[in-house]
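Here is a briefing on one protein model. Look over the sequence and the structure first.

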Amino acid sequence: MLLEEFDSIQQAVINPAHSDTVFTEEFGPLPKTILCPFSGDVIQQLLITKQLQEIGYTQNINGRTPIYLMRRENKDVLVMLAKVGEPACINTLEDLAPLGVEHFILFGSCGVLDKNLASDQINLPIAALRDEGLSHHYAPPSDQILADPNAILLMEKVLQENGIQYEKGITWTTDAFFRETPAKLLRRKEQGAIYVDMEAAGTFAWSQFRGHHLYHFFYSADHLHTNGWDRRLAQRRRHTIDFFEVALLFADEIAG
């Protein structure tokens with residue numbers, strides 16, 4: 001299979017150094033930590049409350065993705081919307097190379113394969129089943145890829161110190177959610193998956209290949225089962241900005 005042709009060489013034909021990142025404001029040294037929510041509602045809420053200052057953007061044929069600076073008591077962070085789907089997500093993150101970002105905090109919703117996993121709960125994916133394509137360009141072939149254990153320890157420490165309930169487990173990363181068939185769902189559950197998402201396998205592989213520190217967490221949303229799909233909209237009552245506050249706790253711990 002073509003996806004088994006992993007090449008470990010760092011230099012490709014096109015590299016992050018070729019990024020089209022544009023700075024619209026002049027600043028001194030930028031923060032080394034960036035928070036990347038997948039929810040556009042988070043960005044809109046932060047803009048409405050005037051907590052973000054646009055300092056630049058990445059761009060491609062789809063348009064611009066703004067990069068923001070968030071000032072906060074000497075612990076400034078960068079903020080950028082994470083794109084849904086691995087290629088869009090990882091390629092946008094690769095464009096941040098000129099900023100010198102070292103710590104990436106990504107967070108968004110996930111589906112659950114067990115109805116007993118409550119909605120709006122924090123979840124830490126400790127490994128991802130690689131039912132997608134992008135991760136195979138950043139890591140050797142395997143069915144599963146592990147998260148950085150040091151990142152998991154840091155997030156657990158912060159959640160425990162703040163009395164925030166959470167779960168840990170394996171996620172099933174797919175790049176074709178309209179092809180999550182009942183048979184595949186059963187097989188992934190047999191392989192230990194309790195979550196389903198569209199980016200984690202790729203973010204794990206990319207961050208490890210590039211040597212970045214990644215802190216990727218979920219908040220649980222819909223429930224997938226062999227008889228159908230439960231969106232659980234009535235159960236999802238927390239505003240997505242609540243999860244941004246959790247991400248800020250991680251950023252504070254990273255800053256020390």
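The points below cover voids, strand pairing, cysteines and two loop residues.

This is a predicted model, in which local features need pLDDT of at least 70 and side-chain atom pairs count only at pLDDT 80 or more, while totals for chains, interfaces and linings use all residues. Residues are numbered from 1 along each chain as its sequence is written, and side-chain values use heavy atoms, with hydrogens and water left out. Helices (H or I, at least four residues) and strands (E, at least two) are DSSP runs, numbered from the N terminus.

**Cavity**

- Voids are found on a 1 Å grid over the protein atoms alone. A cavity is a set of points where a 1.4 Å probe fits but cannot get out. A pocket is an open set with protein on both sides within 12 Å along at least five of seven lines. Lining residues have an atom within 4 Å of a point.
- Grid points are joined across faces, edges and corners, and a volume is the space filled by probe spheres set on the points.
- The whole structure holds one cavity of 30 Å³ or more. The largest cavity encloses about 40 Å³.
- Its lining consists of Thr58, Gln59, Asn60, Gly63, Thr65, Lys83, Thr92 and Asp95. Two elements, β3 (53-60) and β4 (63-70), give two or more residues each.
- β3 gives the most to this lining, with three residues.
- The lining has no nonpolar residues, six polar and two charged. In this scheme Ala, Val, Leu, Ile, Met, Phe, Trp, Tyr, Cys and Pro are nonpolar, Asp, Glu, Lys and Arg are charged, and the others, Gly among them, are polar.

**Largest pocket**

- The largest pocket has about 860 Å³ of space.
- It is lined by 35 residues. Nearest its centre lie Ser109, Cys110, Gly111, Asp222 and Trp229.
- At least two lining residues come from each of β6 (103-112), α4 (182-190), β10 (193-197), β11 (213-225) and β12 (228-230).
- β11 gives the most, with eight residues.
- The lining divides into 16 nonpolar, 11 polar and eight charged residues.

**Second largest pocket**

- The second largest pocket has about 650 Å³ of space. Its lining numbers 30 residues, and the closest to the centre are Ile14, Asn91, Glu94, Tyr138 and Arg210.
- β3, α2 (86-94) and α5 (200-210) give two or more residues to the lining of the second largest pocket.
- α2 has the largest share of that lining, at five residues.
- By class, the lining of the second largest pocket has 11 nonpolar, 12 polar and seven charged residues.

**Strand β7 and its partners**

- Eight of the 10 residues of β7 are buried, so the strand is mostly covered (buried means under 20% relative accessible area, exposed over 50%, partly exposed in between, with a 1.4 Å probe and protein chains only).
- Strands pair if DSSP finds at least two bridges between them.
- β7 (122-131) runs parallel to β9 (residues 166-174), with nine bridges. Leu124 has Lys168 as its bridge partner in β9.
- The pairing of β7 with β11 is antiparallel, over two bridges. There, Ile122 has Tyr219 as its bridge partner.
- β7 also pairs with β8 (residues 144-146) in the antiparallel sense, over three bridges. Ala128 stands opposite Ile145 in β8.
- In a regular strand the side chains alternate between the two faces of the sheet.

**Cysteines**

- The disulfide count is zero. A disulfide is a pair of cysteine sulfur atoms within 2.5 Å.
- Why does Cys89 form no bond? Its sulfur is 7.6 Å from the closest cysteine sulfur, in Cys36, which is too far.
- Cys89 counts as buried because its relative accessibility is 2%.
- The sulfur of Cys110 lies 15 Å from the closest cysteine sulfur, in Cys89, and this is too far for a bond.
- Cys110 also has 2% relative accessibility, so it counts as buried.

**Loop residues**

- Glu26 sits in the loop between β1 (22-23) and β2 (33-37). With 73% relative accessibility, Glu26 counts as exposed.
- Glu26 and Ile55 are 29 residues apart along the chain, and their C-alpha atoms are 7.7 Å apart.
- Asn116 belongs to the loop between β6 and β7. Its relative accessibility is 65%, so Asn116 counts as exposed.
- From Asn116 to Glu5 the C-alpha separation is 39 Å, with the two positions 111 residues apart in sequence numbering.
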